[in-house]
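Biologist: Before we go through this one, tell me how each label is earned. I want the reasoning behind the words.

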Amino acid sequence: MAKVSSEDLGKLPISKLLVKQAVPASIGILVMSLNILVDTIFVGNWIGPTAIAAINVVLPVSFFIAALGMSIGIGGSSIISRALGADDTKKALKTFGNQLTLTLLLSVSMAILGLIFVDSIIPTFGGKGAIFEPAKTYYIIVLYGVPFLALCMMGNTVIRAEGKPKFAMYAMMIPSVGNLILDYLFINVLDWGMAGAAWATSGSYILCFIFIFWFFLSKNSEIKITGSHFRLDKPIVSEIASLGFVTLSRQAVVSVTYLFMNNILYHFGGETSVTSYAIVARMLMFALFPIFGITQGFLPIAGFNYGAHKYDRVKESIYTAIKYAAGLATLVFILLMLFPEAITRLFTTDAEVLAQTPSNMRWVFAATPIIGIQLIGAAFFQAIGKARQALWLTLSRQGFFFIPLIFILPIFMGELGVWVAFPISDVLSTLVTGWFLYREIVKNLKEEVLT
């Protein structure tokens with residue numbers, strides 16, 4: 001495989017560069033999403049529909065802890081991309097060392113707290129009735145592997161910040177393929193049930209960690225740190241925290257959204273509605289993989305060129321990323337509007353779930369063609385180090401619009417109001433993000449070029 005230098009981020013044509021960065025990111029996200037999708041299909045068909053609901057209860061807790069690593073990774077990677085663009089290798093190395101220290105300290109501490117309060121956390125996130133016991137089994141085992149996942153998510157963003165998207169793709173593919181193999185072995189062959197699904201997941205996190213650990217020790221990485229880089233540096237930690245807080249806040253809001261959704265839907269339709277939401281949530285992770293891939297590919301391009309003061313390239317990368325995202329999102333929209341019934345049948349044969357889910361899925365994806373503006377816009381402010389704007393735009397969809405709507409609309413529309421809240425919040429947050437992004441492009445970036 002040809003080596004990719006971080007300097008290419010400032011030299012190659014934007015369209016070619018975005019494809020070069022986004023395709024491996026998209027493939028990695030696709031494989032990871034397929035892993036989650038197929039894992040849910042295995043669990044639904046080999047264990048039962050209640051097991052799907054149980055995993056949906058656990059995911060927001062484990063993903064929030066793992067998101068500490070992603071937050072530290074994205075926050076630090078924004079610094080690393082800009083430092084490499086400015087030829088400041090010393091700052092890039094110090095940042096990476098601080099990322100490792102922070103990720104270990106925070107993820108292990110949170111996992112321990114999560115295990116201590118397991119009996120309180122699961123019911124709070126909707127693990128009630130028949131869902132509680134399988135959710136508890138899955139939760140405990142998965143939390144053992146979550147610190148490894150946090151390190152993987154942090155390391156993956158740094159690999160991409162170096163301009164090594166193919167290695168970042170491999171880092172996402174290895175645990176996904178490993179999880180599917182372990183799922184088959186532990187659930188279908190050994191008949192371990194929910195424990196088997198959980199051990200397969202934790203085992204896949206460890207496989208990912210081993211690969212990323214190897215990458216940074218190998219000649220493929222430009223970042224070679226020593227013991228002194230692990231010592232926390234207050235200015236760097238502060239900058240990582242301010243930028244990473246954007247990602248952590250987003251995941252916190254996602255976790256709170258799961259909490260509210262599981263409880264509201266349990267109130268309206270019990271385990272069936274929670275299971276329907278779990279299936280739709282898996283499709284949200286899977287179907288949008290190309291848009292998420294473009295967003296991931298866009299981040300280091302915008303960050304590097306902003307750090308190198310190549311503002312025309314920054315603007316071009318924004319326009320190109322939005323154009324590609326809109327085209328792919330429209331294709332996703334068409335497919336999901338046409339085939340929701342067939343998709344639902346992949347997960348379960350339960351008649352009640354089959355009756356509910358296709359309509360719910362259509363509502364959830366109704367505004368998909370425009371979401372690229374919201375995702376790229378929020379990512380842009382994060383890439384250039386403007387944490388406050390990135391935070392507000394990241395929180396706009398779920399925090400400012402979606403969560404209030406799922407409490408207000410059901411008063412008038414019942415359970416349907418929960419599903420209608422999805423496209424309404426997408427439209428509102430896109431309008432807000434589009435305004436901020438437009439103002440930044442025509443005013444602030446132009447002013448910086450002139451100074």
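Modeller: Start with helix 10, where Asp-312 and Lys-315 both lie, three residues apart, about one turn of the helix. Keep in mind that this is a predicted model.

Biologist: Why is the contact of Asp-312 and Lys-315 called a salt bridge?

Modeller: The N to O distance is 4.0 Å. The rule asks for a side-chain nitrogen of Lys or Arg within 4 Å of a carboxyl oxygen of Asp or Glu, so the pair counts.

Biologist: What makes Asp-312 buried or exposed?

Modeller: Its relative accessibility is 56%. Exposed means over 50%, so Asp-312 counts as exposed.

Biologist: What about the pair Asp-426 and Arg-397?

Modeller: Their side chains meet in a salt bridge at 2.5 Å, N to O. Asp-426 sits in helix 15 (residues 415-450) and Arg-397 in helix 14 (residues 387-413), so this pair ties together parts 29 residues apart in sequence. Both Asp-426 and Arg-397 are buried.

Biologist: How many salt bridges does the rule give?

Modeller: The count comes to seven. One of them joins Glu-239 and Arg-82, with the closest N and O atoms 3.3 Å apart. Glu-239 lies in helix 8 and Arg-82 in helix 2, so the pair ties together parts that are 157 residues apart in sequence.

Biologist: Why do Glu-239 and Arg-82 get their accessibility labels?

Modeller: Arg-82 has 18% relative accessibility. Buried means under 20%, so Arg-82 is buried. Glu-239 has 23%, between the 20% and 50% limits, so Glu-239 is partly exposed. Arg-82 and Glu-239 also belong to a salt-bridge network with Lys-91.

Biologist: Now the surface. Which residues form the nonpolar patch?

Modeller: Trp-46, Ile-47, Tyr-144, Tyr-184, Leu-185, Val-189, Leu-190, Trp-192 and Trp-199, with about 860 Å² of accessible area together. Helix 6 (residues 165-189) gives the largest share, three residues.

Biologist: Why can Trp-192 be part of a patch if it is partly exposed?

Modeller: Its relative accessible area is 42%. Patch residues need over 30%, so Trp-192 passes that cut-off. Trp-192 lies in the loop between helix 6 and helix 7 (193-217).

Biologist: And the pockets? What lines the largest one?

Modeller: There are 16 lining residues, with Phe-96, Leu-100, Phe-213, Phe-216 and Ile-225 nearest the centre. The volume is about 340 Å³. Helix 7 gives the most to the lining, five residues. By class, 14 are nonpolar, one is polar and one is charged.

Biologist: Which classes line the second largest pocket?

Modeller: Eleven nonpolar residues, no polar and no charged. Among them are Met-283, Phe-286, Pro-290 and Ile-343. Helix 10 supplies the largest share, five residues. This pocket has a volume of about 190 Å³.

Biologist: How many cavities of 30 Å³ or more are there?

Modeller: Two, by this rule. The second largest holds about 140 Å³ of space. Of its 13 lining residues, Ile-74, Ser-77, Ser-78, Leu-299 and Pro-300 are closest to the centre.

Biologist: What makes that space a cavity and not a pocket?

Modeller: In a cavity a 1.4 Å probe fits but cannot get out, whereas a pocket is an open set of points. The lining of the second largest cavity has five nonpolar, seven polar and one charged residues.

Technical notes: Residues numbered from 1 in each chain as written. Predicted model: local features only at pLDDT ≥ 70, side-chain atom pairs only at ≥ 80, totals over all residues. Heavy atoms only, no water. Patch = residues over 30% accessible without salt bridge, like charges linked within 9 Å, V, L, I, M, F, W, Y side chains within 5 Å. Areas by Shrake-Rupley, 256 points an atom, 1.4 Å probe, with all protein chains shown as cover. Helix = DSSP H or I, 4+ residues; strand = E, 2+ residues; numbered from the N terminus. Buried < 20%, exposed > 50% of the residue type's maximum accessible area, 1.4 Å probe, protein only. 1 Å grid on protein atoms, 1.4 Å probe; cavity = no way out; pocket = protein on both sides within 12 Å on 5 of 7 lines; lining within 4 Å. Points joined across faces, edges and corners; volume = space filled by probe spheres on them. Nonpolar A, V, L, I, M, F, W, Y, C, P; charged D, E, K, R; others polar.
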